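Q: Could you take a close look at the disulfides in this structure and walk me through them, step by step? I am a first-year student, so please explain the terms as you go.

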Amino acid sequence: MNATRYTTLFAFATMLKIQIKVLNMLYLFCSKLGFRALAVTLYFSFVLNPAIAMSEYEYLQLLVDSKQAIGARFAGSKQEQETADFIERHWLQMGYTVKSQQFAFKTQNANLRSENLTIDIPGQQDKWVVIAAHYDSTGEGSLGATDNGAGIAVLLALANRLRDHKSFPYSIRLLALGAEEVGLQGAKHYVSKLTQTEIDSIIAMVNLDTIAGGDNLYVHSAHTKPYKCDDGQGDYTSSPAVRDALQILSQTLFEDQAHKLHPAYPGYPEGVTGGWSDHAPFACAGVPIAYIETTNFSINGKDGYDGYSQSTHPKLWDCFDEKTNTACDRDAEKKWGNIWHTDNDRLSLLNELFPGRVSKQMRMNTELLERLVLDADKWLNFKKGAE
């Protein structure tokens, strides 16, 4: 191909990408003014090529940039609903059938509503791999870039990648969950509506929560001590099978940068996690889970080696002591290397502190999950229920 033709094609592709970004911004603007029908009409009337794929980072920008995108997305808020619309719009754009599951929930101050969104990709067997991420964020000054804009961005990019493949050994469900930050409301509602036959057909659930921004990539299984499940312990499972499959696969893909298991520390054996994210209701129902996140378990944080201190970067600490991997003065420290649930959870700041990190970590997670579902019969070929 001669240089002139290549340059022309590249310019055309760039123009289309820019057009879609502009139309996304127009859609959000019209939606915020209450003209949702007009926004949908404009969007689908003028997108010239809805099949153009965006990168994880481009999706994240459209979600969390405070000036030109949705920004913070507190559960039950208008912004959370805009995010649900955003996810649905992009999945429809890719050619998927989107199902919405609406639910009500209570907070201390109000009765609110949210929804879960799903798309299904049929496989050769009626066994299901569920990959989930929540799309709400906290309202504590955070814009929710890592928690959990990055998870949703990967869910969208993965959906786009999977369109390029015609056959999968097992069926795949991508699940966007609402209202996680106020008690896992979306995940609890979703699992409560599954029949026992549907639960039995799910051989793996992968939870994407805070999967970019921290110093290291980790993958966990459910805690060996059962979570406090809403309906008793039931068929609770702490099977590490999905976690182990993802870690081994990650090592084959990324070698020394692969997802790690956290070391054992008081209350938490090696590689297990607590019930504070959307994987918990699935583990309570007996579904083997894996939970992907980024943090840094080598830091002696405010409450010990618990992973809440996500980075050693000195700008995330009042004073960090590299020799002891903790605060210079533990009594005076206020920041503790935290990103999520703080005003540090902003894409602009994360790019300043860690140039290229967020984009790279999201891309690695997308590649890992794509390989997992393409060869699921190899990596998830285990008997469900085995510990």
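**A close look at the disulfides**

A: Let's begin with the link between Cys-319 and Cys-328, which are joined by a disulfide with an S to S distance of 2.1 Å. A disulfide here is a pair of cysteine sulfur atoms within 2.5 Å. In general terms, a disulfide is a covalent bond between the sulfur atoms of two cysteines.

Before going further, please keep in mind that this is a predicted model, in which local features need pLDDT of at least 70 and side-chain atom pairs count only at pLDDT 80 or more, while totals for chains, interfaces and linings use all residues. Residues are numbered from 1 along each chain as its sequence is written, and side-chain values use heavy atoms, with hydrogens and water left out.

Now back to our pair. The link of Cys-319 and Cys-328 is left-handed, with -65° about the S-S bond. How open to the surroundings are its two ends? Cys-319 is partly exposed, at a relative accessible area of 36%, and Cys-328 is also partly exposed, at 41%. For these words, buried means under 20% relative accessible area, exposed means over 50%, and partly exposed lies in between, using a 1.4 Å probe and protein chains only.

How many disulfides does the structure hold? There are 2. The other link joins Cys-229 to Cys-284, with an S to S distance of 1.9 Å. This link is left-handed as well, with -80° about the S-S bond. Where do its ends sit along the chain? Cys-229 lies in the loop between strand S6 (216-222) and helix H8 (241-254), while Cys-284 belongs to helix H9 (residues 279-284), so the disulfide ties together parts that are 55 residues apart in sequence. Helices (H or I, at least four residues) and strands (E, at least two) are DSSP runs, numbered from the N terminus.

Here the ends of the link are covered: Cys-229 is buried, with a relative accessible area of 11%, and Cys-284 is buried too, at 12%.

To put the two links together, count the bonded cysteines along the chain: the pattern is 1-2, 3-4. In this picture, Cys-229 is bonded to Cys-284, and Cys-319 is bonded to Cys-328. As you turn the model, try finding the buried Cys-229 and then the partly exposed Cys-328.
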